[in-house]
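Biologist: I would love a close look at a single part of this model, explained for someone in their first year. Could you pick one strand and walk me through its surroundings?

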Amino acid sequence: MFSTTPFIYRLGQPSTPIYPGAHPGRLTGAGQLFKTHVPLMANPDTRRIDLRASLLNPFQSYRVKVFQQHSQTTLYMIADLSGSMGMQGQSSLMRVMSEFMLSAALSAYQVGDRFGFIGCDADVSGKWHIPAGHHWGIVQKMAGQLAELTPVGSSSGLLKTPALIASQHALIFLISDFHFDLTLLKALLPQLNRHTVVPVVLWNETSYLDLPEWGIVKFKDKENGATRTLLMRPAYKKQIIEAYVQRKADLQQCFRSLGTEPLFINQGYQSEEVTRYFQARAL
Amino acid sequence: MLINFDTPWLLSGLLLMTVPLLRTGIKPQGYPWLAILPSDALSTLLSVFIRLIGMAAIGLLILGLSGLYLKEQRIERIGQGAHIVLLLDRSNSMDTTFAGKAPMNDQEESKSSAARRLLTEFIDKRVHDLMGIAEFSTAPLFVMPLTENKQALHAAIAATATPALAYTHVSKGLAMALSFFDEQPTSGTRIVVLVSDGAAAIDSDSEQALRTLIKEQPIHLYWVFLRTANSPGIHEKPDNSRDDNAQALPEKYLHLFFSSLNVPYHVYEAESPEGLQSAIDDIDKLENRPLHYFERLPKQDLSGLCYQWASLMIALLLVLKLCEVNRS
C-alpha cells in the first residue's frame, strides 16, 4: 500500500450543515468569529451580553453577541470509470484515481467532513458507490479494487450521478480524462451548480508525449473499439501534441464558462498540487 | 473472353480478399480517445494502401493457384508481303554440285546447300510474309505449313540437309504446295517458288488435276531451275525433232505447261549459286504487296506472373510490418 498524504482544502462560500466542523458556516453558535448582535431573547446567553452595544441600542434592550459556527461539509468524488481511463503506463490512471480517492477521503476525515464516492461508466452501479459518511475501511477497500480495475464502456453514466448527491452544498471532485464531447459536460455541470465542483482532468502524458517519432502504429479506441492506422513522423507527432494543448485550452474555456477552474493532473498524483489549487483561488 | 483458368473453382478463394478489410495484421495498441488525434491524409492513405496491398496479394495468389492463362489469340495484321510456299526438290541430284559432281571439298557446294543458304537469307529478308515449305521427291513431303515463325522456317530449311531421296515427282509436289493455300484468307499474293534441278514428265491425269487446282487457287509461280552443266535447258531445241518430247526434255515441257497455265509465271535458269542468288533477289523485288493476315499468339500461362506480383506485394507488406512500432 502506498502512503497517503492528505491535502488541505477550503470552501469559498459558507457551508450550511448544522453539524459542527472545520469550515466557515452560515449558522451561529460556538465559534471564534463575531457574526452579529441579536436581542437577548433570541439568544438567551447572558455571558455574551455586549454592554456597549446594548447602551447604544435605541430600543433599549439587551444585545447579545453571536458567533459564526464552523460547520461540517461533504466531499464527493465522482469518478469516470470509462474505458479510456484504462490507459496503462508508468502511472496508470486508475492507480492515480485510487491514490486521489484515499487522499481525498483522508483529507475529509481529518477535519471531520463526510466523504462519498460515485464511480460510473456507461451507467452508475452500486458496486462503485459509497454514500457520504465516515467509512475509512470501505474507502480503503474500494481504493484497492480501483487500482486493479480495468475499466470498460463509455462515460455516459456521468449524467446520472447528480441524482445520487444530496441537495445540501458539497465539494465535488469530478475526476475524468474528459475524453468525450463537451456537450456532455455542458449537460452535467448545470445539474451540479448548487455544489462546488472541482474538475480534475486526469491525463497520462505518455499518450501524447511518448509517441514514436517514426513508424507505423495502429491505435484502438479503448471505448468504441474503432481502429486507426497512423504513419508517425515528427511533424504529425507535433500535431498530436498541439491537439492536446488545444484540448486543454478548450476544456479550460468550457469549465470557466460554467464557473469552475479545472485541475490538470498529468504526471501522477501529488497532494501538494491539490493543496496549491485550493490556495490559489477562493471557491 | 481472353482469360481462362485451369481450376476455376479455386476462384472462390477470392472471397478471402475481404480479410484485409477486416484485419490488417498490425497489432492494435490501446488509445484513450482517437477523436482527439488530428486527421492525417498520409495516414489515411497508408491504411487504404495497406488494405489494397493485402487484397492484391491474396487475390494474385488465388489467381495464380487457379491457373490463370491467356487464351490463344489471333491478331489481325497488315504487312508488305505475300504467302509464299517454297517447294524444294529433294531428289538425289540436288546433292551434287552445279557441275554434276558430288561435292569433294569445302569449296564446292552442292545445289541443295546453296539453295538452303540462299533461301535462309531470303526468309530473313521477307519480314511480313507467311511462308510454307513443301518438298518433293518420289512423293511430296509436308514440311511446314504457312507460318510467320521464322525460327520454325529456318529449322525446316536446315532439315533439308539430310541426304536426299530418290526421284523427282513435280506434279504431286505442286499439288501439295497448292493445298497449303486452302483455308487461307485470300489476301496478298500467293506465290509458289519451285526450286528444282530437273523435272519429270507430268502425266495427263495429274496435268488436268493441276490445271483445275490452279484455276481454283490463282497463284504466282516462280521456277528456279538449277541447271546442271550439260543438262538440257528449258529452251533446248533438239536436233532431232523426234527427241522433242516430254520424256526426253521434261524441263522444256514443264516450262511449256507452266506457261500455258494463264498465271503469272517466271522461270529462272540458275547455273551457279550466283545465278540462284539473282533469281531469289528478283523474286524478293517483285513480290511486295500489301498483305492482310492473322498472327496466332499461343496460350500464355499467367500464373507465374501472378506469383511474382504476389511475392512483390507480400514483400511490401513485410517492409511495412518491419516499419511497425510495437511497444507493448
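Modeller: Happily; what follows is a tour of strand 8 of chain A and the parts around it, in a model that is predicted.

Let's begin with the strand itself. Strand 8 of chain A covers residues 215-221. Of its 7 residues, 5 are buried, so strand 8 is largely enclosed by the rest of the structure.

Who are its partners? Strands of a sheet pair through backbone hydrogen bonds, and they do this either parallel or antiparallel. Strand 8 of chain A gives you an example of each. Within its own chain, strand 8 runs antiparallel to strand 9 (residues 227-232), and 6 bridges join the two. Across the chain boundary, strand 8 of chain A pairs with strand 2 of chain B in the parallel sense, over 3 bridges.

A good residue to click on is Phe219(A). In strand 9 of chain A, its bridge partner is Arg228(A), while in strand 2 of chain B its bridge partner is Gln29(B). Then move to Lys220(A), which stands opposite Gly30(B) in strand 2 of chain B.

Now follow the chain from strand 8 into strand 9. These strands of chain A form a hairpin with 5 residues between them, and there Gly225(A) takes a positive phi near 80°.

Next, step back to the contact that the strand pairing belongs beside. Chain A brings 27 residues to the contact and chain B brings 23. On the chain B side, strand 2 (29-31) and helix 2 (41-65) each supply at least two residues. Helix 2 of chain B gives the most, with 5 residues. Sorted by class, this side of chain B has 15 nonpolar, 5 polar and 3 charged residues.

For comparison, look at another sheet in chain A. This open sheet has 6 strands in the order 5-4-3-6-7-10, with mixed pairing. Strand 5 (124-133) and strand 10 (263-265) stand at the edges with a single partner strand each, so one side of each has no neighbour in the sheet. From one strand to the next, the twist averages 20°. Inside this sheet, strand 6 (residues 170-176) and strand 7 (residues 196-202) of chain A run parallel and are joined by 6 bridges. Here Ile172(A) stands opposite Val197(A) in strand 7. Helix 2 of chain A (residues 93-110) lies across several of the strands, including strand 4 (114-120), to which it runs at about 160°.

Notes
Residues are numbered from 1 along each chain as its sequence is written. Chains are lettered from A and ligands numbered from 1 in the order in which they are written. This is a predicted model: local features need pLDDT of at least 70, side-chain atom pairs count only at pLDDT 80 or more; totals for chains, interfaces and linings use all residues. Two residues are in contact if their C-beta atoms, placed from the backbone, lie within 7 Å. Helices (H or I, at least four residues) and strands (E, at least two) are DSSP runs, numbered from the N terminus. Ala, Val, Leu, Ile, Met, Phe, Trp, Tyr, Cys and Pro count as nonpolar, Asp, Glu, Lys and Arg as charged, and the others, Gly among them, as polar. Two strands pair if DSSP finds at least two bridges between them. Axes are lines fitted to C-alpha atoms, for helices over the stretch in contact, and angles run from 0 to 180 degrees between N-to-C directions. A residue is buried if 20 or more other C-beta atoms lie within 10 Å of its own, exposed if 12 or fewer, and partly exposed in between; C-beta atoms are placed from the backbone.
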